[in-house]
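Work through the following exercises with the sequence and the model side by side. Each task is followed by a solution in steps.

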Amino acid sequence: MHLKNFDDKAPIYLQIMNDIKRDIIAGDLKGGSKLPSVREMAENKRVNPNTIQRAYQELERENVTFTQRGMGTFITENTEILSNLKSEMCKEVITDFINNLKSFGFSNNEIIDIIKNYLEKENL
């Protein structure tokens with residue numbers, strides 16, 4: 001949970017949610033891990049505690065986290081939810097990537113060729 005500059009195009013609470021989701025997918029946050037308190041996270045991110053509270057509430061609504069009264073907010077240990085989270089985030093990244101390339105005028109076949117060429121070079 002590092003300090004970063006926020007994008008003006010999206011609500012900060014959504015950006016914080018996505019940061020937490022990325023940390024889960026990357027394995028930096030494991031199932032059952034405790035998230036920092038709202039106050040601590042707000043200080044780290046330099047945002048209003050209400051923003052963090054909203055992010056935590058939305059993550060809980062999505063079943064990515066759960067709150068234990070008096071104990072804090074924790075990452076779910078439900079492997080199906082975590083697997084679905086990874087798939088959803090992957091789809092978002094791929095959709096954005098493809099839409100960006102299409103906005104540059106690339107066709108589907110050109111995009112496929114670009115990806116194939118890139119992956120072949122990476123395997124060397």
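Which element gives the largest share of the lining of the largest pocket? Helix 1 does, with five residues. The model is predicted, so local features need pLDDT of at least 70 and side-chain atom pairs pLDDT 80 or more, while totals for chains, interfaces and linings use all residues. Residues are numbered from 1 along each chain as its sequence is written, and side-chain values use heavy atoms, with hydrogens and water left out.

**Exercise 1. Describe the largest pocket and its lining.**

Step 1. Take the volume: the largest pocket has about 230 Å³. A pocket is an open set of points on a 1 Å grid over the protein atoms alone, where a 1.4 Å probe fits, with protein on both sides within 12 Å along at least five of seven lines; lining residues have an atom within 4 Å of a point.

Step 2. Find the residues. Twelve line the largest pocket, and Asn-18, Arg-22, Met-89, Glu-92 and Asp-96 are the closest to its centre.

Step 3. Assign elements. Helix 1 and helix 4 (79–103) each give two or more residues to this lining. Helices are DSSP runs (H or I, at least four residues), numbered from the N terminus.

Step 4. Sort by class: the lining has four nonpolar, two polar and six charged residues. Here Ala, Val, Leu, Ile, Met, Phe, Trp, Tyr, Cys and Pro count as nonpolar, Asp, Glu, Lys and Arg as charged, and the others, Gly among them, as polar.

**Exercise 2. Characterise the packing of helix 1 and helix 3.**

Step 1. The axes of helix 1 (residues 12–25) and helix 3 (residues 49–61) come within 8 Å and cross at roughly 55°. Axes are lines fitted to C-alpha atoms over the stretch in contact, and angles run from 0 to 180 degrees between N-to-C directions.

Step 2. The two helices are therefore oblique to each other. Angles under 35 degrees count as roughly parallel, over 145 as roughly antiparallel, 65 to 115 as roughly perpendicular and the rest as oblique.

Step 3. In the contact (heavy atoms within 4.5 Å), residues of helix 1 including Ile-16 and Ile-20 meet residues of helix 3, among them Ile-52 and Leu-59. This contact has nine nonpolar, one polar and three charged residues.

**Exercise 3. Do the same for helix 4 and helix 5.**

Step 1. The axes of helix 4 and helix 5 (residues 108–122) come within 10 Å, crossing at roughly 120°. This pair is therefore oblique.

Step 2. Phe-97, Ile-98, Leu-101 and Lys-102 in helix 4 meet Asn-108, Ile-111 and Ile-115 in helix 5. By class, five are nonpolar, one is polar and one is charged.

Note on methods
Grid points are joined across faces, edges and corners, and a volume is the space filled by probe spheres set on the points.
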